[in-house]
2 protein chains.
Amino acid sequence: MNGPPPPAIAVHGGAGALDDSGTSGLGPEAPREEGVGRAAAAAWEVLRGGGSALDAVVLAASILEDDPTFNAGTGATLTASGDVELDASLMYGPTLSAGAVACVKDVKNPILLARAVLERSGHLLLVGEGASGFAREMGIPAWPNGRLVIPQQRARFDAARGVKPAPVGGGTIGAVARDRAGHVAAATSTGGTFLKRPGRVGDSPVIGAGTYADDLLAAVSATGHGEPIIRITLARLVADLVGAGRSAPAAASEGIRILGERVGGQGGVIVVGPSGEPGFAYNTPAMARAWSDTAGTIRTAL
Amino acid sequence: MNGPPPPAIAVHGGAGALDDSGTSGLGPEAPREEGVGRAAAAAWEVLRGGGSALDAVVLAASILEDDPTFNAGTGATLTASGDVELDASLMYGPTLSAGAVACVKDVKNPILLARAVLERSGHLLLVGEGASGFAREMGIPAWPNGRLVIPQQRARFDAARGVKPAPVGGGTIGAVARDRAGHVAAATSTGGTFLKRPGRVGDSPVIGAGTYADDLLAAVSATGHGEPIIRITLARLVADLVGAGRSAPAAASEGIRILGERVGGQGGVIVVGPSGEPGFAYNTPAMARAWSDTAGTIRTAL
């Protein structure tokens with residue numbers, strides 16, 4: 001039997017610690033696992049109904065952006081200036097089309113803006129006020145920066161004033177999917193590192209680093225300390241490993257091994273290939289994740 | 001004889017047309033070929049004296065940024081708003097360290113700011129006003145945007161008002177080098193596409209797309225229409241081809257073939273591997289370039 005591969009979804013909610021130091025900074029772990037499970041279940045319904053992998057990953061990412069448990073969209077960590085600055089990207093495997101935004105301050109769902117960049121801008125990456133201007137042209141309303149800031153993140157910021165934090169990423173969210181047509185897609189969204197310098201951009205909006213999708217290879221979303229991830233183009237590297245014949249789990253493990261060994265990076269990655277089961281790997285203590293098993297049941301883990 | 005490979009330098013001044021439509025928009029071709037030759041000769045002196053590949057590519061890039069013939073630094077093309085917005089990146093092969101800036105309006109030499117990001121920021125990519133703020137902290141003076149605009153570019157902008165231009169890149173500059181120690185480095189700098197939307201970022205500051213350098217693979221700098229270059233992570237792709245055993249010229253040609261065939265992209269690339277001669281390829285009518293031959297003589301071509 002050589003039928004089409006079944007659809008597949010995998011979602012992450014950031015690689016980091018098990019306590020509040022590496023992810024959203026908000027404490028309890030259960031909401032993270034529940035959150036990724038909810039997002040994966042919603043995306044799975046899209047795929048089960050014959051929807052596209054691109055629609056599935058955008059839905060999962062937007063749900064996680066709206067969930068204050070995660071460091072993306074509402075609930076993002078604050079910069080050194082006390083603002084929220086958001087990065088996101090997505091890529092679609094059959095066309096290699098991609099869209100991304102970085103350093104955006106006034107959009108509720110950066111992944112939806114990234115999709116508008118992909119579909120309607122003629123460009124691939126828009127940053128800062130130029131990205132906001134494009135959002136207004138697309139009818140995406142201005143969202144006050146203060147509405148992205150939740151009280152727990154403000155309190156965390158206030159508590160950290162004057163204390164130099166460890167440059168740890170995490171709490172980033174991402175999704176990868178394969179649809180019934182065999183196409184793959186990937187999406188990633190983040191608030192970046194806690195107390196980052198304004199204007200700092202990590203791997204999440206960088207195609208090839210935080211996000212990559214190619215039907216000939218795989219769909220990949222990364223999370224963790226962004227700079228080392230960019231230096232080894234982690235998402236592209238893991239996709240290439242699938243293209244070279246590795247299973248998604250093996251490619252994920254190999255990519256994270258290289259991340260640690262070559263550039264001392266900490267992070268995680270999720271992968272869906274053109275066939276087979278999703279793959280996960282991380283070299284942090286935990287990575288919130290959810291995926292569809294071969295029976296279509298949503299599984300979750302930390 | 002298995003001595004260390006000789007040093008090597010290669011420089012490009014943008015892939016585009018032979019007339020003014022694809023590069024700086026300034027007309028005569030001779031200054032382009034002379035300009036890349038001057039930059040390559042200066043960088044070659046660094047390498048000949050035992051200097052590092054990183055110093056060599058930064059020197060070449062800064063010379064080309066200051067040369068109004070090229071679309072980088074002084075002489076950059078204007079955005080749809082009539083401003084200059086500059087992008088640049090560099091990467092050093094022995095450490096995989098990298099620095100990049102995007103959408104910067106008030107710095108004379110973005111490649112020097114990218115180097116400061118690499119060496120002193122703890123980050124990899126800074127954009128917009130955050131990048132400018134970092135420049136001031138580093139003692140890099142504010143440079144009025146108007147001083148980056150040369151009269152010929154202003155006239156070209158005025159002539160194009162209301163005319164929708166073709167989305168062609170080019171005139172971007174870049175350099176790749178291998179030093180006596182066998183280390184490689186790459187640098188790329190650009191003003192982006194003519195009449196680009198403010199906030200649009202192309203491949204030049206994206207590590208893996210416009211720039212990549214890894215001593216185990218090669219050093220690569222790309223030029224051309226940025227979005228397709230990002231979609232195939234061209235610089236990383238070409239470096240991987242060298243890592244897989246291709247010569248630099250063969251890897252360059254293969255990368256440009258893939259750029260055209262998979263995503264319909266137009267552009268060019270320069271490559272220096274851990275041994276052997278530099279490689280060049282482009283699928284545009286011309287690419288201004290200069291390089292050192294095996295005797296250490298600087299050659300130029302369009």
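## A salt bridge between the chains

B:Arg262 and A:Asp214 form a salt bridge, in which the closest N and O atoms are 2.6 Å apart. This pair joins two chains, because B:Arg262 lies in helix H9 (residues 248–263) of chain B, while A:Asp214 lies in the loop between strand S8 (211–213) and strand S9 (219–224) of chain A. The structure described here is a predicted model, and the values below should be read with that in mind.

The two partners differ in how they are classed for accessibility: B:Arg262 is partly exposed, with a relative accessible area of 35%, whereas A:Asp214, at 2% relative accessibility, counts as buried.

## Salt bridges within the chains

Over all chains, the structure holds 31 salt bridges. One of them is formed by A:Arg115 with A:Asp55, whose closest N and O atoms are 2.8 Å apart. Since A:Arg115 belongs to helix H3 (residues 110–121) of chain A and A:Asp55 to helix H2 (residues 53–66) of chain A, the pair ties together parts that are 60 residues apart in sequence. A:Arg115 is buried, having a relative accessible area of 18%, while A:Asp55, with a relative accessible area of 35%, is partly exposed.

In chain B, B:Arg299 forms a salt bridge with B:Asp293, and here the closest N and O atoms are 2.9 Å apart. In this pair B:Arg299 is partly exposed, with a relative accessible area of 41%, and B:Asp293 is buried, with a relative accessible area of 17%. Salt bridges can also share partners, and in this way A:Arg246, A:Glu254, A:Arg257 and A:Glu261 are joined into one network.

## How the two chains are related

Chain B is superposed on chain A by a rotation of 180 degrees with 0.0 Å of shift along its axis, and the RMSD is 0.0 Å. The two copies are thus related as by a two-fold rotation axis. The same surface serves both copies, in that 100% of the contact residues of chain B recur in chain A.

## Helix H2 and its packing

Two packed helices are described by the angle between their axes and the distance between the axes. In chain A, the axes of H2(A) and H3(A) come within 8 Å and cross at roughly 150 degrees. From H2(A), the contact is made by A:Leu54, A:Asp55, A:Val58, A:Ala61, A:Ser62 and A:Glu65, and from H3(A) by A:Pro110, A:Ile111, A:Leu112, A:Arg115 and A:Glu119. Sorted by class, the residues of this contact between H2(A) and H3(A) are six nonpolar, one polar and four charged. Both A:Asp55 and A:Arg115 appear in this contact, and these two residues also form the salt bridge described above.

In chain B, helix H2 (residues 53–66) has 14 residues and reaches 20 Å from its first C-alpha to its last, which is close to the 20 Å expected at 1.5 Å a residue. Ten of the 14 residues of H2(B) are buried, so the helix is largely enclosed by the rest of the structure. The buried residues in H2(B) are B:Ala53, B:Leu54, B:Ala56, B:Val57, B:Val58, B:Ala60, B:Ala61, B:Ser62, B:Leu64 and B:Glu65.

## Helix H4 of chain B

B:Gly133 has its place in helix H4 (residues 128–137) of chain B and is partly exposed, with a relative accessible area of 30%. Measuring from C-alpha to C-alpha, B:Gly133 and B:Ala42 are 31 Å apart in space, and they are 91 residues apart in sequence.

The buried residues of H4(B) are B:Gly128, B:Gly130, B:Ala131, B:Ser132, B:Phe134 and B:Ala135. What covers these buried residues of H4(B) includes strand S3 (97–104), helix H3 (110–121) and strand S4 (125–127) of chain B. H4(B) is followed by B:Gly139, which has a positive phi, near 85 degrees.

## Positive phi angles in loops of chain A

Most residues other than glycine have a negative phi. A:Leu195, although it is not a glycine, has a positive phi of about 60 degrees. A:Leu195 has its place in the loop between strand S6 (184–190) and strand S7 (200–201) of chain A, and is buried, with a relative accessible area of 18%.

A:Thr233 is not a glycine either, yet has a positive phi of about 40 degrees. The place of this residue, A:Thr233, is in the loop between helix H7 (226–231) and helix H8 (234–243) of chain A, where A:Thr233 is buried, with a relative accessible area of 1%.

Notes. Residues numbered from 1 in each chain as written. Chains lettered and ligands numbered in written order. Predicted model: local features only at pLDDT ≥ 70, side-chain atom pairs only at ≥ 80, totals over all residues. Heavy atoms only, no water. Salt bridge = Lys/Arg side-chain N within 4 Å of Asp/Glu carboxyl O. Helix = DSSP H or I, 4+ residues; strand = E, 2+ residues; numbered from the N terminus. Buried < 20%, exposed > 50% of the residue type's maximum accessible area, 1.4 Å probe, protein only. Expected span 1.5 Å × (residues − 1). Least-squares fit on C-alpha atoms with pLDDT ≥ 70 in both. Contact = heavy atoms within 4.5 Å. Axes fitted to C-alpha atoms, helices over the stretch in contact; angles between N-to-C directions. Nonpolar A, V, L, I, M, F, W, Y, C, P; charged D, E, K, R; others polar.
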